[in-house]
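Q: Please take a close look at one part of this model, the salt bridges, and walk a newcomer through what can be said about them.

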Amino acid sequence: MSPKSAVAEEVPPFVPAERLRASARPRWGEIAIRGFIAACGLFVVVATAAVILFIARAGVRGIQDVGLGGLLSGEIWKPEANVFGGYPLIFGTAISALGAALVGAIPALLAAVWVSELAPKSARSIYRRTMEIAAAVPSVVYGWLALVHLVPQAEWVARALHGEDVQVSGEGLASSAVLLGIMIAPTVFLLSLDALSRVSGTLREASAALGASSWQTAFRICIPSAGRSLFTAVFFGFARAAGETMAVQMVIGGARRVPENLFSPATTISTQIVMDMQNATPNTTASNVLFSMSLVLLVLSAGVVLISRVIGRWGSKA
């Protein structure tokens, strides 16, 4: 084959411009797929907005019925007497979620740092798969296990701390916080691990080239670089703990009052809604107030997310 004939074979065949434009036109199947994907995205946004608007409208009615001050600061929640003081519910929700963050989120974050930066590579995949399975376990399973194994141990600790004469039990905020901490730990771990995996390998190599140890690289390079996402992971765990219902209902005791200590029965917003919703007739004060407490929980969770974003942006600028 001569060089001239080889060049001639490499030249692509001529295609008219009209034919190229015709082939570039979207097909009906592609148009249908694009429309379906757009409809799915629109449905998610509209459904979320509709739920928020419905809760807000019904919640405002409940606030108008009982007053915002009485709803947030009242210490007596007694629907059968038409008294709706939501402070015990808010207190129980906040303490349970904070305890869960301390017991579960912080250790999960540190575990992610160890797996990502310090553990042998062979252990990373096993650890991640184990946490993925733990995150998929239904909450009612966690609640049942806690009722059988955690509550008796918590009662033993309560007796040891407060004595036999004080009225304490294994059900209360302590058991709720430990249970929620165990439940949110896999989620926080996986989110933290993803955040650390996005740190550039060049930073690690540069740190090692300067003589830094693995610990120094992990805590002075990787954690600050992924700080915003790590904050989001912890606060996401807090928000999930604040909204958990079924498992908490099994171990918290269901007392509609501010507990005297961490080992006294208590309640949370979500568990009290579940207990009262069966007796609440729609479009009554009892029903509207439950939506008001749902609105409080929504504002609490949204506030946590906004705070995490503000802290993350502040940390990225520092």
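A: Helices here are DSSP runs of H or I with at least four residues, numbered from the N terminus. The model is a predicted one, and a salt bridge in it requires a side-chain nitrogen of Lys or Arg within 4 Å of a carboxyl oxygen of Asp or Glu. By this rule there are seven salt bridges.

Helix 6, which covers residues 121–136, is a good place to begin. Arg129 and Glu132 are three residues apart in helix 6, so about one helical turn separates them, and their side chains meet in a salt bridge with an N to O distance of 3.6 Å. Salt bridges that share partners join Arg128, Arg129, Glu132 and Asp194 into one network. Within helix 6, Glu132 also lies four residues from Arg128, about one turn of the helix, and these two form a salt bridge whose closest N and O atoms are 3.4 Å apart. As for accessibility, Arg129 is partly exposed, with a relative accessible area of 45%, while Glu132 counts as partly exposed at 32% and Arg128 counts as partly exposed at 23%.

Another salt bridge is found in helix 3, residues 28–66, where Arg34 and Glu30 are four residues apart and therefore separated by about one helical turn. The closest N and O atoms of Arg34 and Glu30 are 2.7 Å apart. Arg34 counts as exposed because its relative accessibility is 54% and exposed means over 50%, whereas Glu30, at 34%, counts as partly exposed.

Technical notes:
Residues numbered from 1 in each chain as written. Predicted model: local features only at pLDDT ≥ 70, side-chain atom pairs only at ≥ 80, totals over all residues. Heavy atoms only, no water. Helix = DSSP H or I, 4+ residues; strand = E, 2+ residues; numbered from the N terminus. Buried < 20%, exposed > 50% of the residue type's maximum accessible area, 1.4 Å probe, protein only.
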